[in-house]
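Colleague: I am new to this one. Please show it to me, and let me ask how each label is earned.

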Amino acid sequence: MFYIIGMQERKIESLIKDCARSSGFDLVGICAADSGDLAARLNEWLDRSYQGEMKYMENPSRRDPESVLPSVRTIIVVGLNYRWADSSEGEQEAMISKYAWGADYHRVMKPMLQSFSEQIQTLLPANHFRPYVDTGPVVEKHWAQKAGLGWIGKHTNVLNMQGSSWFFLGVVLTDAELPTDIPAEDHCGTCSLCIEACPTGAIVEPYVLDARLCISYLTIELRGSIPRKLRPAIGHRIFGCDDCQDVCPWNRFAHAGDPRFTPRSEILSATLRDYLRLTPEEFRQRFAQTNVLRAKYRGFLRNCLVAAGNLRKSELKIEIERHLNAEDEMIREHAVWALAQFPDAEVKSLLRQLRERESSPLVLEELNHWLS
């Protein structure tokens, strides 16, 4: 074990933070690897089944960083701003969350964290360092609050008074024992705008999110059918949701993010008609090296069909109808739902014809719902 004492502590701490900034990070803080009440809070959340299909949240390693690095003593947390104001953001017909407008943050931050780790390794050659950017069993938000980067708001995102909540997190676990920063204090006060703004009521109480209701979960993490009762609330969001962050008063202090997250014009200007026509290969090419690939083609198309049904634009009907013959039964199911949002006799007739030849119980259940 390598220990630092006396005046050298402050020097090493400053050097480490200088390394973080020289590696390109906007925020950096240090905290002891003491989990505190993390396990109890995480277990309570899991007991309520709020994780939905995110089985990785059940990994026992998330409760204790020692299961990731047995000798861990300290966690260094870094943040990278990504928010870019754009006058066209409110005009998107097919809404994609701001964090996915530019480059995939994993691709951006991984080499940055590696460079940062190598720099501090030269400062503390006897110690070990293990970096993660949303890729290991680490609850980044918990450590970010402890390290002073910001507090966990009522919407369960980390935010601060300087950079808002529009930043990505990365961590470096180490067995070096370092001086720590003061944990961030909560500054949400009596504000409840994020809770009121959530389209699906996913923030079931302050600081508690039922992921099963969250549009980000429904459009990205969920692999199967989106529950029928939640589809209307999704509106024309096809990848993620920013509503709780958009209304947060602290986010008025947001400033320009890393240039690699500059919004792609084709994402801001694309229409649902464009997206509904994409083949699997075109989808991969269009969203190469972006976070949108996380939804995978069938999930993305499912989301677009829900959005098309909610928008009810006549020019989208023919695009929806094309997917009634899709090989994937989940796609056919959501195409039926989307078409059923156009209340006219022609649609009813088409749905009846579909029912005559459909064999999938999943699709038949959707058809019967609208033809009953």
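**Pocket, sheet and cover**

Modeller: Start with the second largest pocket: S1 gives the most to its lining, with three residues. Bear in mind that this is a predicted model.

Colleague: Which helix also counts among the suppliers of at least two residues of that lining?

Modeller: Helix H1 (7–22); H1 and S1 each supply at least two residues of the lining. The pocket has a volume of about 260 Å³. Of the 18 residues that line it, the closest to its centre are Gly148, Leu149, Gly150, Asn160 and Gln162.

Colleague: What makes up the lining by class?

Modeller: Seven nonpolar, six polar and five charged residues. Glycine is counted as polar there.

Colleague: Back to S1. What makes S1 and S2 a pair?

Modeller: A pair needs at least two bridges. Six bridges join S1 to strand S2 (residues 74–81), and the two run antiparallel. For instance, Val28 stands opposite Val78 in S2, and Leu27 has Gly79 as its bridge partner. So S1 and S2 meet the definition of a pair.

Colleague: How do the other strands fit in?

Modeller: Four strands form an open sheet, in the order S1-S2-S7-S4, with antiparallel pairing. Why are S1 (27–32) and S4 (129–132) called edges? Each has a single partner strand, so one side of each is left without a neighbour in the sheet. The twist averages 20° from one strand to the next.

Colleague: How do you know that S7 pairs with both S2 and S4?

Modeller: Count bridges against the cut-off of at least two. Eight bridges join S2 to S7. Four join S4 to S7. Both counts satisfy the cut-off, so both are pairs. Leu173 in S7 appears in each: it is the bridge partner of Ile75 and of Arg130.

Colleague: Why is S7 called largely enclosed?

Modeller: Buried means under 20% relative accessible area. Eight of the eight residues of S7 are buried, so the strand is largely enclosed by the rest of the structure. Both faces are covered. Phe167, Leu169, Val171 and Leu173 are buried on one side. Phe168, Gly170, Val172 and Thr174 are buried on the other.

Colleague: Which helix lies across S7?

Modeller: Helix H3 (residues 105–123) lies across S2, S4 and strand S7 (167–174). H3 runs at about 35° to S7.

Colleague: And what makes S1 "mostly covered"?

Modeller: Five of its six residues are buried, and that earns S1 the label.

Key: Residues are numbered from 1 along each chain as its sequence is written. This is a predicted model: local features need pLDDT of at least 70, side-chain atom pairs count only at pLDDT 80 or more; totals for chains, interfaces and linings use all residues. Side-chain values use heavy atoms; hydrogens and water are left out. Axes are lines fitted to C-alpha atoms, for helices over the stretch in contact, and angles run from 0 to 180 degrees between N-to-C directions. Contact means heavy atoms within 4.5 Å. Buried means under 20% relative accessible area, exposed over 50%, partly exposed in between (1.4 Å probe, protein chains only). On a 1 Å grid over the protein atoms alone, a cavity is a set of points where a 1.4 Å probe fits but cannot get out, and a pocket is an open set with protein on both sides within 12 Å along at least five of seven lines; lining residues have an atom within 4 Å of a point. Grid points are joined across faces, edges and corners, and a volume is the space filled by probe spheres set on the points.
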